[in-house]
Amino acid sequence: ATPTAVMVATGEGATQGVLIKGGHALESAHKVHQMIFDKTGTLTIGKPVVVSSKLFKHMVLQKFYETIAAAEASSEHPLARAIIDNAKSMRGESSDLSWLPEVNNFKSLPGQGVYAEVGGQEVLVGNMQLMTASNIDVPEEAIDYLQDMEKQARTGILVAINKEIYGALAISDPVKPEAKAVVAILKSMGVLSMMVTGDNWGTANSIAREVGIEKVYAETRPQGKADIVKELQSTGKTVAMVGDGINDSPALVAADVGMAIGAGTDIAIEAADIVLMRNNLEDVVTAIHLSRKTFRRIR
Ligand code: ADP
Ligand code: MG
């Protein structure tokens, strides 16, 4: 392709909110064999909400919600946002958090959940690994509840108070309306879609099924996502990664083509080769099209 053709394609992308960082990024995109999508905030809308809960010991529901909201108050995770909003809406209040019980010794446990002392009680909110790592016995009915929620593509979260499982809740983060069609279009273009997530296998598989993705990597750590990219590259494939930058910047850097979606975080924009300004997965297809058009036409 001539420098002019590259400029035209880059300009055309820009008018559609597809910001291609130079000729090399544009060229790499037409060779892509495999497209790895991050789950949370990329394939899903990224605004999770609490949709169900279950108590296994006696406790007033409102108190249960407020206790876990307090434990999550210092967490930056999207799941924490959902849990705090849920407690707020139960009280019918919009912004003020002054009713939250006192919190001490907050600890964030990445990929697992949070620990905090709430009103003098030890509270753990997180996944099965967190409870196992903390030597907490998870009753059969709690395991059943989690499995049931995961089948419905929801993320199940356990709550332990003073080392006993008190309850669980389910959080839903729906898939973006265009996700399934985009996976199908990519397939027709010869690009295989995959999904990577820190979330559990059950939920991950349910989401993947909804969008038509067969290859899934679940329960991965942020560095693990980059390792997956490198592993695929070592088989000779050209690999693209699409993510919002929360937990996936190393993978965006490792990929042959890193695409940041939703004008996400500054780190994502920095790490990516292509920035998709609109939070719409169709722009992944637009980016590949622009590249193919530029590098396959004139040769
Ligand atoms: P993702 O790749 O989907 O963004 P993360 O690696 O951030 O996932 O988290 C993996 C899992 O760890 C979550 O699905 C959840 O079960 C648990 N987790 C992480 N942070 C929190 C939190 N603040 N509260 C409760 N659970 C959490
Ligand atoms: Mg994420």
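# Notebook: a two-domain predicted model with one ligand looked up

**Overall size.** I began with the radius of gyration, which is 21 Å for the protein and agrees with the value near 19 Å that a compact globule of 299 residues would have. I note here that the model is a predicted one, so every entry below is a reading of a prediction. Along the principal axes, the C-alpha atoms occupy a box of roughly 70 × 35 × 30 Å. I then looked up the secondary structure, which comes to 13 helices and 13 strands, and the burial, where 46% of the 299 residues count as buried. Among contacts with a separation of 6 or more, I found that 61% are made by residues 24 or more positions apart.

**Domains.** I next turned to the domain assignment, which gives domain 1 as 3-45 + 175-297 and domain 2 as 49-172. The C-alpha centres of these two domains are 32 Å apart. Where they touch, 10 residues of domain 1 are in contact with 10 residues of domain 2. Which element gives the largest share of the domain 1 side? I found that helix α9 (residues 201-211) does, with 5 residues. By class, the domain 1 side of this contact divides into 1 nonpolar, 6 polar and 3 charged residues.

**A204, in helix α9.** Since helix α9 had come up at the domain contact, I picked out A204, which is found in that helix. Is A204 buried or exposed? I record it as buried, because it has 24 C-beta neighbours inside 10 Å, where 20 or more are needed. Setting aside neighbours within four places in sequence, I list its contacts as K39, M195, T197, D199, V216 and A218. I also took one long separation along the chain: V32 is 172 residues from A204, and their C-alpha atoms are separated by 24 Å.

**Ligand 1.** I then examined the surroundings of ligand 1, where 20 residues form the shell and the closest are T40, H77, G113, N127 and G198. The elements that give two or more residues to this shell are α3 (39-43), α5 (78-91), β5 (113-118), β6 (121-126) and β7 (155-161). Sorted by class, the shell holds 5 nonpolar, 12 polar and 3 charged residues. Where do these residues come from, in terms of domains? I found that domain 1 (3-45 + 175-297) and domain 2 (49-172) each give at least three residues to the shell.

**Helix α5.** As α5 is one of the elements that contribute to the shell around ligand 1, I followed it along its length. The helix has 14 residues and reaches 20 Å from its first C-alpha to its last, close to the 20 Å expected at 1.5 Å a residue. Its buried residues include L79, A80 and A82, and also I83, I84 and A87. What covers them includes β3 (49-55), α4 (61-72), β7 and β8 (164-172). I checked K88, whose place is also in α5, and it is partly exposed because 19 other C-beta atoms lie within 10 Å. From K88 to Y65 I read 9.1 Å, C-alpha to C-alpha, for two residues that are 23 apart in sequence. Just after α5, G92 takes a positive phi of about 70°.

**Two asparagines with positive phi.** I kept in mind that most residues other than glycine have a negative phi. N135, although not a glycine, has a positive phi of about 60°, and it lies in the loop between α6 (128-133) and α7 (140-151). I count N135 as exposed, since 7 other C-beta atoms are within 10 Å of it. N162 is likewise not a glycine and has a positive phi of about 50°, and its place is the loop between β7 and β8. With 10 other C-beta atoms within 10 Å, N162 is exposed.

**V285, in helix α13.** My last look was at V285, which is found in helix α13 (residues 282-297). I note V285 as partly exposed, on the basis of 17 C-beta neighbours inside 10 Å. Which residues does V285 contact, leaving aside its neighbours within four places in sequence? I found V182, I185 and L186. The C-alpha atoms of V285 and T40 are separated by 20 Å, and the two residues are 245 apart along the chain; T40 is one of the closest residues to ligand 1.

Notes:
Residues numbered from 1 in each chain as written. Chains lettered and ligands numbered in written order. Predicted model: local features only at pLDDT ≥ 70, side-chain atom pairs only at ≥ 80, totals over all residues. Domains from an automatic or database assignment. Contact = placed C-beta atoms within 7 Å. Helix = DSSP H or I, 4+ residues; strand = E, 2+ residues; numbered from the N terminus. Nonpolar A, V, L, I, M, F, W, Y, C, P; charged D, E, K, R; others polar. Near = placed C-beta within 6 Å. Expected span 1.5 Å × (residues − 1). Buried ≥ 20, exposed ≤ 12 C-beta atoms within 10 Å, placed from the backbone. Rg over C-alpha atoms; globule rule 2.2 N^0.38 Å.
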